[in-house]
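Q: Take one part of this model and walk me through it up close, please. I'd like to know who touches whom, with the cut-off behind every term you use.

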Amino acid sequence: MGIARFFPLLCCFLLVFVHGLDIPDPDEIEYIRQEVQATVNSTVHLYCGSHMPTLFIWVFSRPGTERNEPLAYNHGQGTKLLALASTLGEISLLTNTTTLVIEGVSDDAEGVYTCQALYDMDEPPKVTFYYTQLHLQDEEERSRGSGSPPPESD
């Protein structure tokens with residue numbers, strides 16, 4: 001999934017906004033994988049933990065590539081959606097959460113969505129990567145529904 005290639009970018013992103021914060025050892029980073037089924041023009045919710053992190057960024061990788069393209073982020077000064085988001089459907093973030101909502105899922109929305117979250121706690125900060133593989137179903141598979149329930153817990 002290209003995480004090794006993308007990790008330095010994440011660290012730079014986090015360090016720019018949280019000067020002086022010690023980033024944990026890469027072996028202490030948590031990786032959570034999820035799969036979601038959706039159909040074109042449906043609505044899907046992609047989850048990034050059950051608690052609001054200090055900082056987060058959503059990126060997208062198209063099938064067959066390792067290129068991570070930023071979709072949305074929040075570095076403590078409000079959420080920002082980036083241009084790529086509009087090509088995947090109508091993208092939004094639920095208020096006061098990291099949940100990425102895609103309404104009117106487009107044909108181009110299939111791929112891997114990664115949310116990188118930093119939780120600045122009293123103890124050393126915690127970094128979690130949430131990988132969500134979005135699979136598009138054809139109409140015959142629609143009976144399975146769209147979206148997925150949130151993961152149980154961090």
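A: A salt bridge here is a side-chain nitrogen of Lys or Arg within 4 Å of a carboxyl oxygen of Asp or Glu. This is a predicted model, where local features need pLDDT of at least 70 and side-chain atom pairs count only at pLDDT 80 or more, while totals for chains, interfaces and linings use all residues. Numbering runs from 1 along each chain as its sequence is written, and side-chain values use heavy atoms, with hydrogens and water left out.

Let's make strand 8 the part to look at, and start with its surroundings. The protein has one helix and nine strands (DSSP runs numbered from the N terminus: H or I of at least four residues for a helix, E of at least two for a strand). Along the sequence that reads α-β-β-β-β-β-β-β-β-β. Of the 154 residues, 45% are buried (under 20% relative accessible area, with exposed over 50% and partly exposed in between; 1.4 Å probe, protein chains only). If you take the contacts (heavy atoms within 4.5 Å) with a separation of 6 or more, 62% of them are between residues 24 or more positions apart.

Now to the strand itself, which covers residues 111-119. What does strand 8 give to the largest nonpolar core? Four residues, and that is the most any strand gives. A nonpolar core is a set of buried Ala, Val, Leu, Ile, Met, Phe, Trp, Tyr and Cys residues joined through side-chain atoms within 4.5 Å. This one counts 26 residues, and Val44, Leu46, Trp58, Leu71, Leu100 and Tyr113 touch the most other members. At least two residues come from each of strand 1 (30-39), strand 2, strand 3, strand 4 (69-74), strand 6 (90-93), strand 7 (100-103), strand 8 and strand 9 (126-137). As background, nonpolar side chains in soluble globular proteins tend to be buried together.

Tyr113 also turns up on the contact list of Leu100. Leaving out residues up to four places away in sequence, that list reads Val44, His45, Leu46, Trp58, Leu71, Ile91, Ser92, Leu93 and Tyr113. Apart from this core there is another, of seven residues, including Ile29, Val112, Val127 and Phe129.

Move along to Thr114, also in strand 8. Thr114 counts as buried because its relative accessible area is 4%. Its contacts, neighbours within four places aside, are Ile57, Trp58, Val59, Phe129, Tyr130 and Tyr131.

Then comes Cys115, half of the one disulfide in the structure (two cysteine sulfur atoms within 2.5 Å). Its partner is Cys48, with the sulfurs 2.0 Å apart. The angle about the S-S bond is -65 degrees, and the link is left-handed. Cys115 sits in strand 8 and Cys48 in the loop between strand 2 (43-46) and strand 3 (55-61), so the bond ties together parts that are 67 residues apart in sequence. Both Cys48 and Cys115 are buried.

Further on in strand 8 you reach Leu118. Leu118 counts as buried because its relative accessibility is 0%. Its C-alpha is 6.3 Å from that of Phe56, although the two are 62 residues apart along the chain.

What about strand 2, which you meet just before the Cys48 loop? Its side chains alternate: Val44 and Leu46 face one way and are buried, while Thr43 and His45 face the other way and are not. Strand 2 pairs with strand 7, antiparallel, over four bridges (DSSP must find at least two bridges for a pair). In one of the matches, Val44 has Ile102 of strand 7 as its bridge partner.

Back to the charges, where there are two salt bridges. One joins Lys126 to Glu30, N to O at 3.4 Å. Lys126 is in strand 9 and Glu30 in strand 1, so distant parts of the chain, 96 residues apart, are linked. Lys126 is partly exposed because its relative accessibility is 23%, and Glu30 is partly exposed too, at 28%. The other joins Glu69 to Arg62, with the closest N and O atoms 3.6 Å apart. Here Glu69 is buried, at 16% relative accessibility, whereas Arg62 is partly exposed, at 29%.
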